[in-house]
Amino acid sequence: MSTQVSTVANDNIAIAVHNVSKCHLIYDTPRDRLKQFLMPRLQRMAGQRQKTYFHEFWGLKNVSFEVKRGETVGVIGRNGAGKSTLLQIICGTLTPTIGRVETKGRVAALLELGAGFNPEFTGRENVYLNAALLGLTKEEIDNRFDDIAAFADIGEFLELPVKTYSTGMSVRLAFAVQSVIDPDIFIVDEALAVGDEKFQRKCFTRLESLKNNGCSILFVSHSPTSVVELCDRALFLEAGERLMYSGAAKAVRAYQKLIYAAPEVQKELAERYRVTDQSGEVAEFQSDDLPCAGDTTGPSDAFDPGLVPETTTRYAVQGAEIEGIEIRNASDQIVNLLRPGGDYQFIITGEFRKSFPKVYFGVHIKTISGVEVTGQRYPQEGTYVENVQAGQKFAVKFGFKMAMLPGVYFVGGGVWSSEEPTCLHRMLDALMFRVISLGRAKSFGYVDVSSMEPEVILR
Ligand SMILES: Nc1ncnc2c1ncn2[C@@H]1O[C@H](COP(=O)(O)OP(=O)(O)OP(=O)(O)O)[C@@H](O)[C@H]1O
């Protein structure tokens with residue numbers, strides 16, 4: 001058995017994982033664990049055949065891959081696929097049963113929330129403790145402390161014990177410390193999902209700058225969309241095995257195709273990926289494998305269950321209540337992965353709790369940083385839906401041609417009265433959607449208002 005994390009010889013390779021397997025010994029009861037400790041010795045002394053009181057579970061099976069310097073690699077797979085196990089082995093916090101891992105340079109990791117922090121120490125003390133453990137001198141930490149504090153942005157909590165922190169605060173501080181120490185390798189597990197969108201934006205920006213400075217990033221996520229956005233390549237694990245290691249978009253498509261496939265098809269599909277991966281061939285995916293709102297292959301093709309906002313805010317109900325907002329494509333499927341140029345309906349449903357003589361409805365779309373890109377009102381300014389009654393249900397449909405550029409957006413809506421109280425109900429960030437990319441970008445910003453192919457005239 002080998003349990004090494006050593007240094008890679010090749011300068012271009014930051015992480016090399018060689019045939020790593022991890023076996024967990026599973027005991028059905030604590031008694032079995034005790035029996036396993038005692039019985040084999042007694043059986044040996046009595047000259048009897050030695051029995052085992054556990055069964056083996058291989059959480060990782062013969063996984064190999066390399067991450068180049070400056071490369072960002074996503075690790076994807078469903079729950080229990082082995083992602084965390086793999087990352088812990090690469091960080092050296094878990095030993096492989098078979099195989100070995102080589103890394104080059106300083107490894108920073110954000111694997112488990114709160115890991116590495118002493119709850120009794122203040123944030124400041126933990127910064128010094130953590131950075132020292134990562135190899136920084138006192139002077140180096142002094143020089144970077146303001147940067148860390150500014151990034152974490154948790155105010156006076158920095159001087160309070162970490163046990164008083166919310167989860168979000170711990171993540172902020174942990175990310176700040178780990179990313180400011182100039183790591184050569186940065187390993188992030190899902191932690192980004194915990195912060196608010198603004199903090200996520202900050203984290204992505206920091207990851208971009210780490211990447212530009214040659215840092216290699218290993219990123220585990222359940223959100224395939226952020227893997228496509230952030231990663232160059234992705235490793236797709238299924239039941240502890242490597243099913244694919246390829247360009248991020250391709251691996252994510254394969255992953256989505258597998259998880260949304262009918263159970264009887266999944267096995268066959270996984271086998272196809274495995275064989276293709278082992279043969280070193282490039283897996284072929286038709287363009288219709290892309291999640292696309294116009295597809296008629298089922299709503300799940302254009303629906304990512306991971307796209308759920310964490311910032312949904314419901315205003316007080318003052319005479320009406322919005323029950324939900326959804327997006328439907330031309331085939332009336334609920335979608336949240338939208339195709340540029342596609343036609344969609346944003347539908348607000350709810351009920352009036354009181355009667356009103358004049359009301360109107362609105363929907364808006366915001367970016368991750370809160371910029372309101374567009375919105376619609378019904379009916380138009382100065383006009384109203386008249387005489388709505390208490391107990392009456394409503395469904396308001398707003399049509400959108402998706403002129404927005406690839407990215408993630410947030411949808412909110414509201415219902416207002418011409419009289420006090422003006423806002424009858426409002427929901428912010430009720431849902432989020434992603435405009436997928438269909439090729440190389442030729443516009444930038446938020447919307448594509450180009451009307452013709454650009455021309456160049458050289459004289
Ligand atoms: N200490 C352990 N003892 C027994 N089984 C374990 C242990 N640690 C992990 N496993 C098992 O190994 C498998 C892989 O676990 P791992 O946490 O790496 O998966 P994961 O892909 O990170 O899952 P998730 O997305 O849910 O975090 C799972 O089936 C898990 O139950």
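## The three-stranded sheet

In this predicted model, strands β12 and β14 (residues 343-352) pair in the antiparallel sense, and eight bridges join them. One bridge links Glu326 to Ile347 in β14.

These two strands belong to an open sheet of three strands, ordered β12-β14-β18, with antiparallel pairing. Its edge strands, β12 (320-328) and β18 (393-401), each pair on one side only. On average, neighbouring strands of this sheet are turned by 20° against each other, direction ignored.

## The six-stranded sheet

Another open sheet has six strands in the order β6-β7-β8-β4-β9-β10, and the pairing here is mixed. The edges are formed by β6 (107-110) and β10 (241-247), each of which pairs on one side only. The average turn between neighbouring strands of this sheet is 15°, direction ignored. In general, strands of a sheet pair through backbone hydrogen bonds, in either a parallel or an antiparallel arrangement.

Strand β9 (residues 233-238) and β10 run antiparallel and are joined by six bridges. Within this pair, Leu237 has Arg242 of β10 as its bridge partner.

## Helices across the six-stranded sheet

Helix α2 lies across β4 (72-76), β6, β7 (185-189), β8 (216-220) and β9. The direction of α2 is at about 150° to that of β7. Helix α5 lies across β6 and β7, and runs at about 165° to β6.

## The ligand shell

The ligand is surrounded by His24, Ile26, Phe57, Gly59, Gly77, Asn79, Gly80, Ala81, Gly82, Lys83, Ser84 and Thr85. By class, three of these residues are nonpolar, eight are polar and one is charged.

Three elements each supply at least two residues of the shell: β2 (13-26), β3 (55-68) and α2 (83-91). The largest share, three residues, comes from α2, the helix that also lies across strands of the six-stranded sheet.

## Helix α3 and its packing

Helix α3 covers residues 123-133, and its buried residues are Gly123, Asn126, Val127, Asn130 and Ala131. Viewed down the helix axis, the buried residues of α3 fall within an arc of 125°, so they line one face of the helix.

The buried residues of α3 pack against two helices, α4 (138-152) and α5 (167-180). Helix α5 thus appears in two settings: it packs with the buried residues of α3, and it lies across β6 and β7. After α3 comes Gly135, which has a positive phi, near 100°.

Note on methods. Residues numbered from 1 in each chain as written. Predicted model: local features only at pLDDT ≥ 70, side-chain atom pairs only at ≥ 80, totals over all residues. Near = placed C-beta within 6 Å. Helix = DSSP H or I, 4+ residues; strand = E, 2+ residues; numbered from the N terminus. Nonpolar A, V, L, I, M, F, W, Y, C, P; charged D, E, K, R; others polar. Buried ≥ 20, exposed ≤ 12 C-beta atoms within 10 Å, placed from the backbone. Arc of directions from axis to C-beta. Contact = placed C-beta atoms within 7 Å. Pairing = 2+ DSSP bridges. Axes fitted to C-alpha atoms, helices over the stretch in contact; angles between N-to-C directions.
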